[in-house]
Amino acid sequence: MAKINCTVTSCSHNNSGICYANCVDIVGNSATEQSHTCCGSYLNKLHYSQLTSNVLNSGSCDCLKCAVETCIYNDNKLCRLDTIQVSGDKVEYHTQTECDSFKHRVS
(Lines give C-alpha, C1' and ligand atoms only; values in the text may rest on other atoms or scores of the structure.)
Protein backbone atom coordinates (compact mmCIF):
# COMPACT_ATOMS: atom_id res chain seq x y z
CA MET A 1 0.00 0.00 0.00
CA ALA A 2 1.40 3.34 -1.06
CA LYS A 3 1.69 6.58 0.85
CA ILE A 4 1.13 9.73 -1.14
CA ASN A 5 2.57 12.90 0.36
CA CYS A 6 0.70 15.82 -1.17
CA THR A 7 1.11 19.58 -1.02
CA VAL A 8 -2.05 20.20 -3.07
CA THR A 9 -4.16 21.68 -0.28
CA SER A 10 -7.13 22.35 -2.58
CA CYS A 11 -7.70 18.62 -3.18
CA SER A 12 -10.59 17.00 -1.34
CA HIS A 13 -8.46 13.88 -0.70
CA ASN A 14 -5.71 15.86 1.09
CA ASN A 15 -5.72 15.50 4.86
CA SER A 16 -2.78 17.28 6.53
CA GLY A 17 -0.45 16.68 3.58
CA ILE A 18 -1.33 13.01 3.04
CA CYS A 19 -3.58 11.74 0.26
CA TYR A 20 -6.37 9.54 1.58
CA ALA A 21 -7.90 8.57 -1.77
CA ASN A 22 -8.61 4.86 -2.25
CA CYS A 23 -6.85 4.88 -5.60
CA VAL A 24 -4.49 7.45 -7.10
CA ASP A 25 -3.92 7.69 -10.84
CA ILE A 26 -0.79 9.49 -12.08
CA VAL A 27 -1.04 10.46 -15.75
CA GLY A 28 1.20 11.97 -18.42
CA ASN A 29 1.75 9.17 -20.92
CA SER A 30 4.94 10.34 -22.65
CA ALA A 31 6.29 12.74 -20.01
CA THR A 32 9.94 13.73 -20.10
CA GLU A 33 9.87 15.83 -16.92
CA GLN A 34 7.81 16.18 -13.74
CA SER A 35 5.77 19.10 -15.08
CA HIS A 36 4.40 16.80 -17.81
CA THR A 37 2.76 14.55 -15.20
CA CYS A 38 -0.33 15.12 -13.07
CA CYS A 39 -2.59 13.48 -10.54
CA GLY A 40 -5.70 12.31 -12.36
CA SER A 41 -7.39 11.65 -9.01
CA TYR A 42 -7.40 15.33 -7.98
CA LEU A 43 -10.82 16.67 -6.96
CA ASN A 44 -11.15 20.33 -6.09
CA LYS A 45 -12.63 20.60 -2.60
CA LEU A 46 -14.53 23.73 -3.65
CA HIS A 47 -16.73 21.42 -5.72
CA TYR A 48 -16.23 18.10 -3.92
CA SER A 49 -15.93 19.11 -0.25
CA GLN A 50 -18.22 16.29 0.84
CA LEU A 51 -15.50 13.81 -0.15
CA THR A 52 -13.05 15.24 2.37
CA SER A 53 -14.59 13.09 5.10
CA ASN A 54 -14.82 10.07 2.79
CA VAL A 55 -11.17 9.06 3.14
CA LEU A 56 -9.17 6.07 4.25
CA ASN A 57 -8.38 5.92 7.94
CA SER A 58 -4.98 4.32 7.46
CA GLY A 59 -3.58 7.03 5.20
CA SER A 60 -2.45 4.47 2.67
CA CYS A 61 -3.64 4.03 -0.85
CA ASP A 62 -5.00 0.69 -2.08
CA CYS A 63 -3.76 1.30 -5.61
CA LEU A 64 -1.19 3.65 -7.11
CA LYS A 65 -1.77 3.52 -10.85
CA CYS A 66 0.71 5.08 -13.23
CA ALA A 67 -0.05 5.78 -16.87
CA VAL A 68 3.32 7.51 -17.34
CA GLU A 69 5.02 4.96 -19.56
CA THR A 70 8.26 6.96 -19.58
CA CYS A 71 8.78 6.77 -15.80
CA ILE A 72 11.36 4.32 -14.45
CA TYR A 73 9.01 3.42 -11.58
CA ASN A 74 6.15 2.35 -13.88
CA ASP A 75 5.74 -1.41 -13.68
CA ASN A 76 2.88 -2.62 -15.87
CA LYS A 77 0.88 0.59 -15.18
CA LEU A 78 1.49 0.47 -11.40
CA CYS A 79 4.02 2.53 -9.48
CA ARG A 80 6.79 0.50 -7.79
CA LEU A 81 7.47 3.16 -5.14
CA ASP A 82 6.08 2.83 -1.61
CA THR A 83 5.87 6.61 -1.24
CA ILE A 84 5.45 9.37 -3.81
CA GLN A 85 5.19 13.15 -3.64
CA VAL A 86 2.47 15.09 -5.49
CA SER A 87 2.61 18.88 -5.63
CA GLY A 88 0.98 21.95 -7.10
CA ASP A 89 0.44 25.59 -6.13
CA LYS A 90 -2.94 27.32 -6.40
CA VAL A 91 -4.40 24.25 -8.09
CA GLU A 92 -7.88 24.38 -9.59
CA TYR A 93 -7.62 21.50 -12.08
CA HIS A 94 -5.80 18.16 -12.05
CA THR A 95 -3.53 19.32 -14.87
CA GLN A 96 -1.97 21.84 -12.46
CA THR A 97 -0.59 19.06 -10.24
CA GLU A 98 2.54 17.00 -10.82
CA CYS A 99 4.27 13.90 -9.55
CA ASP A 100 7.55 15.03 -7.99
CA SER A 101 8.70 11.40 -7.80
CA PHE A 102 8.77 11.03 -11.61
CA LYS A 103 12.10 9.92 -13.06
CA HIS A 104 12.43 9.81 -16.84
CA ARG A 105 13.35 6.45 -18.35
CA VAL A 106 16.08 6.93 -20.95
CA SER A 107 15.67 4.55 -23.86
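This is a short walk through one protein model, from its overall layout to its core, its cavities and three single residues.

The model is a predicted one. I will start with the layout. The protein has 10 strands and one helix. Going along the sequence, the order is β-β-β-β-β-α-β-β-β-β-β. There are 107 residues, and 40% of them are buried. As for contacts, take those with a sequence separation of 6 or more: 66% of them join residues 24 or more positions apart.

Next, the core. In soluble globular proteins, nonpolar side chains tend to be buried together. Which residues touch the most other members of the largest nonpolar core here? They are Ile 4, Val 24, Ile 26, Leu 64, Ile 84 and Val 86, out of 23 residues in that core. Strand S1 (3–6), S4, strand S6 (63–66) and strand S9 (83–87) are the elements that each give two or more residues to this core. Take Ile 4 as an example. Beyond four places away in sequence, Ile 4 touches Gly 17, Ile 18, Cys 19, Val 24, Cys 61, Leu 64, Ile 84 and Val 86.

Now the cavities. How many cavities of 30 Å³ or more are there? The count is two. The largest has a volume of about 80 Å³. Its lining is made up of 13 residues, and those nearest the centre are Ile 26, Cys 66, Cys 71, Cys 79 and Cys 99. Sorted by class, the lining of the largest cavity holds 11 nonpolar residues, two polar ones and no charged ones. The second largest cavity holds about 70 Å³ of space. It is also lined by 13 residues, with Cys 6, Cys 11, Cys 19, Cys 39 and Val 86 closest to its centre. Here the classes come out as 10 nonpolar, three polar and no charged residues. Two names link back to the core: Ile 26 is among the residues nearest the centre of the largest cavity, Val 86 is among those closest to the centre of the second largest, and both are listed among the core members with the most contacts.

That leaves three polar residues to look at one by one.

The first on my list is Asn 74, in strand S7 (residues 74–75). Is Asn 74 buried or exposed? Asn 74 counts as buried because its relative accessible area is 13%, under the 20% cut-off. A polar atom of the Asn 74 side chain lies 3.0 Å from the backbone oxygen of Cys 66. Setting aside neighbours within four places, Asn 74 is in contact with Cys 66, Ala 67, Val 68, Glu 69 and Arg 105.

Then there is Ser 87, which sits in strand S9. Its relative accessibility is 13%, so Ser 87 counts as buried. The side chains of Ser 87 and Asp 100 are joined by a polar contact of 2.9 Å. Apart from residues up to four places away, Ser 87 touches Thr 7, Val 8, Gln 96, Thr 97, Glu 98 and Asp 100.

Last comes Asn 29. Where does Asn 29 lie? It is in the loop between strand S4 (23–27) and strand S5 (38–39). With a relative accessible area of 44%, Asn 29 is partly exposed. Asn 29 touches Ala 67, Val 68, Glu 69 and Thr 70, leaving out residues up to four places away in sequence. Asn 29 and Thr 70 are 41 residues apart in sequence, yet 7.0 Å apart in space from C-alpha to C-alpha.

How values were computed:
Residues numbered from 1 in each chain as written. Heavy atoms only, no water. 1 Å grid on protein atoms, 1.4 Å probe; cavity = no way out; pocket = protein on both sides within 12 Å on 5 of 7 lines; lining within 4 Å. Points joined across faces, edges and corners; volume = space filled by probe spheres on them. Nonpolar A, V, L, I, M, F, W, Y, C, P; charged D, E, K, R; others polar. Helix = DSSP H or I, 4+ residues; strand = E, 2+ residues; numbered from the N terminus. Buried < 20%, exposed > 50% of the residue type's maximum accessible area, 1.4 Å probe, protein only. Contact = heavy atoms within 4.5 Å. Core = buried A, V, L, I, M, F, W, Y, C linked by side-chain atoms within 4.5 Å. Polar contact = N/O pair within 3.5 Å; in protein donor to acceptor, adjacent residues only side chain to side chain.
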